[in-house]
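Here is a short tour of one protein chain. Keep the sequence and the 3D view open while you read.

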Amino acid sequence: MKLTSILSLTACFIICSSCSNKKETPKYVNKAKHSIENINALPTKIKYPKNNSYDENRITLGKLLFYDPILSGDKDVACATCHHPKNGYAEFRDISIGVNGIGFASKRVFNSPNTIPFVKRNAHTILNTAFNGIDTLNQYTPENAPMFWDSRVNSLENQAIEPIKSLEEMRGLHFSDTEILTEIVSRLNTIEAYKSLFKEAFKGENTITVENIGKAIAAFERTLVANNSRFDKYMRGHKNAISLSEKEGFELFKKVGCINCHSGSMFSDYKMHVLSVPENEKLIKIDSGFQQQFSFRTPTLRNLRFTAPYMHNGTLTTLEKVLEFYEDLTFKKSRNPNIKVTLIDTLAQKLTLRVKDMALIISFLNTLNDDSFDKTVPKKVPSGLHVGGNIN
């Protein structure tokens with residue numbers, strides 16, 4: 001029987017049979033043993049949506065909006081509050097403090113008194129989100145790029161608006177999720193600099209709209225690319241870009257089965273998987289994830305140096321602890337009492353990861369770091385508010 005279709009990387013095993021009439025016991029082949037071509041270097045060019053093509057004016061405007069707390073209900077939180085370049089556009093926190101907070105990254109605390117909850121999930125890095133949804137052939141559609149841990153919206157344009165509507169992230173208590181958008185548009189229209197910037201970026205009158213706010217921020221976020229790691233150089237033909245031990249770690253990464261979910265040039269299949277990550281005790285309510293199934297999207301493995309602590313709720317503080325967690329899954333151990341072992345993703349349970357492999361795999365993961373991204377911060381924003389929100 002001939003194989004007539006190429007199986008997805010996310011399928012962990014395939015049944016192989018001979019083309020002859022001789023009866024044989026079916027063999028199971030680990031897809032992780034397949035060729036290096038299943039993982040590529042990141043593209044050197046970015047794709048843009050048809051309705052939001054590359055535009056320098058939009059990038060300039062988007063960067064100012066990204067750092068301006070004018071977009072938050074109480075004018076105290078900016079996108080950059082939780083996604084700052086000093087932290088690799090992530091945060092170095094398990095879960096974020098948005099509204100009614102003060103301080104930067106791990107030192108950020110709530111003001112007193114406070115009734116605002118923590119943001120329930122770990123802040124993804126914005127680096128390379130321009131490539132979200134990319135497959136093993138380096139194909140992707142920016143309009144359909146999945147965003148957030150539960151992929152609840154597609155595209156950077158739509159993603160940019162969601163935190164503004166979220167009570168704990170940026171909206172606060174004084175506006176509803178629909179009122180806040182009207183309020184933000186009204187505020188921006190009172191600032192002459194923004195009126196001029198929007199007019200230049202979108203070529204017309206009355207251009208300050210929710211849609212254009214999303215487009216401008218997305219335009220800036222697509223410039224936040226880190227696609228020249230040592231691993232990228234290695235995949236482009238520079239065979240000495242990574243060391244022998246790092247190459248061994250790469251082979252182990254494939255052999256033990258990590259590649260089954262962490263595939264493609266972004267090291268993510270962009271699919272939902274049920275694991276059993278411990279709950280974060282800071283949260284009042286249990287986070288049941290995508291469609292209340294306790295599943296979350298596979299995160300990228302790029303720039304892990306900047307994204308600790310790890311997992312959707314930041315409960316695993318180091319890469320060693322992450323790998324130990326996955327080793328537990330292979331022994332059918334659940335660390336979350338709300339998730340039965342029988343519900344844990346079979347791909348995770350079929351990993352063959354062991355302690356002896358961990359150091360080499362971590363050495364490989366470190367080749368995916370790239371700090372050659374834009375770290376510049378505006379000296380001021382048109383609103384006159386504190387750049388980045390209350391982070392000092």
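## A lysine in a loop

Begin with Lys271, which lies in the loop between helix H10 (244–255) and strand S7 (272–274). This is a predicted model. Is Lys271 buried, partly exposed or exposed? Its relative accessibility is 39%, so Lys271 counts as partly exposed. Now look across to Thr298. Lys271 and Thr298 are 27 residues apart in sequence, yet their C-alpha atoms are 6.0 Å apart in space.

## The whole chain

Step back for a wider view. The chain has 13 helices and eight strands. Its radius of gyration is 22 Å, close to the 21 Å that the globule rule gives for 392 residues, so the chain is as compact as a globular protein of that length. Along the principal axes, the C-alpha atoms fill a box of roughly 80 × 45 × 35 Å.

How much of the chain is buried? Buried residues make up 56% of the 392 residues. The chain exposes about 18,500 Å², and carbon and sulfur atoms supply 54% of that area. Contacts also reach along the sequence. Take those between residues at least 6 apart in sequence: 69% of them join residues at least 24 apart.

## Two nonpolar cores

In soluble globular proteins, nonpolar side chains tend to be buried together. Here, the largest nonpolar core has 44 residues. Which of its residues touch the most other members? They are Leu65, Leu188 and Tyr194. Several helices give two or more residues to this core: helix H1 (56–67), helix H2 (79–82), helix H6 (179–189), H7 and helix H8 (210–221).

Leu188 is worth a closer look. Leave aside its neighbours within four places in sequence. Leu188 is then in contact with Leu65, Ile70, Leu71, Tyr194, Lys195, Phe198, Ile208 and Ile213. Two of the other well-connected core members, Leu65 and Tyr194, are on that list.

Another core lies apart from this one. It has 39 residues, among them Cys258, Phe267, Leu304 and Ala308.

## Rings that pair

A pair of aromatic rings is described by the distance of the centres and the angle of the planes. A search of the whole structure finds 19 aromatic pairs. Phe66 and Tyr67 form one of them: it is edge-to-face, with 5.3 Å centre to centre and 70° between the planes. Both residues, Phe66 and Tyr67, are buried.

Phe198 and Phe202 give another arrangement. Why does this pair count as stacked? Their planes are at 25°, under the 30 degrees that marks the limit for stacking. The ring centres are 6.1 Å apart. Both residues lie in helix H7 (residues 192–202), four residues apart, about one turn of the helix. Phe198 is buried, with a relative accessible area of 0%. Phe202 also counts as buried, at 13% relative accessibility.

Rings can also link into groups. Ring pairs join Phe66, Tyr67, Tyr89, Phe220, Phe306 and Phe373 into a cluster. Phe373 has a further partner: the charged end of Lys375 sits over its ring, 4.4 Å from the centre. Elsewhere, Lys239 lies over the face of Tyr234, at 4.8 Å from the ring centre.

## Backbone exceptions

Most residues other than glycine have a negative phi, and most peptide bonds are trans. The table lists four exceptions.

| Where | Feature | Angle |
|---|---|---|
| Ser112 to Pro113 | cis peptide bond | omega about 5° |
| Ala308 to Pro309 | cis peptide bond | omega near -5° |
| Gln291 | positive phi | phi near 50° |
| Gln292 | positive phi | phi about 55° |

Where do these residues sit? Pro113 is in the loop between strand S4 (109–110) and strand S5 (146–147). Pro309 is in the loop between strand S8 (295–297) and helix H11 (319–330). Ala308, on the other side of that cis bond, is one of the residues of the 39-residue core.

Gln291 is found in the loop between S7 and S8. Gln292 lies in the loop between S7 and S8 too. Are these two glutamines buried or exposed? At 57% relative accessibility, Gln291 counts as exposed. Gln292 counts as exposed as well, at 66%.

Key. Residues are numbered from 1 along each chain as its sequence is written. Side-chain values use heavy atoms; hydrogens and water are left out. Rings of Phe, Tyr and Trp (its six-membered ring) pair if their centres lie within 6.5 Å; planes under 30 degrees apart count as stacked, over 60 as edge-to-face and the rest as tilted. Buried means under 20% relative accessible area, exposed over 50%, partly exposed in between (1.4 Å probe, protein chains only). A charge sits over a ring if NZ of Lys or CZ of Arg is within 6 Å of the ring centre and within 35 degrees of the ring normal. A nonpolar core is a set of buried Ala, Val, Leu, Ile, Met, Phe, Trp, Tyr and Cys residues joined through side-chain atoms within 4.5 Å. Contact means heavy atoms within 4.5 Å. The radius of gyration is taken over C-alpha atoms; the globule rule is 2.2 Å times the number of residues to the power 0.38. Accessible areas come from the Shrake-Rupley method with a 1.4 Å probe; for residues, only the protein chains shown count as cover.
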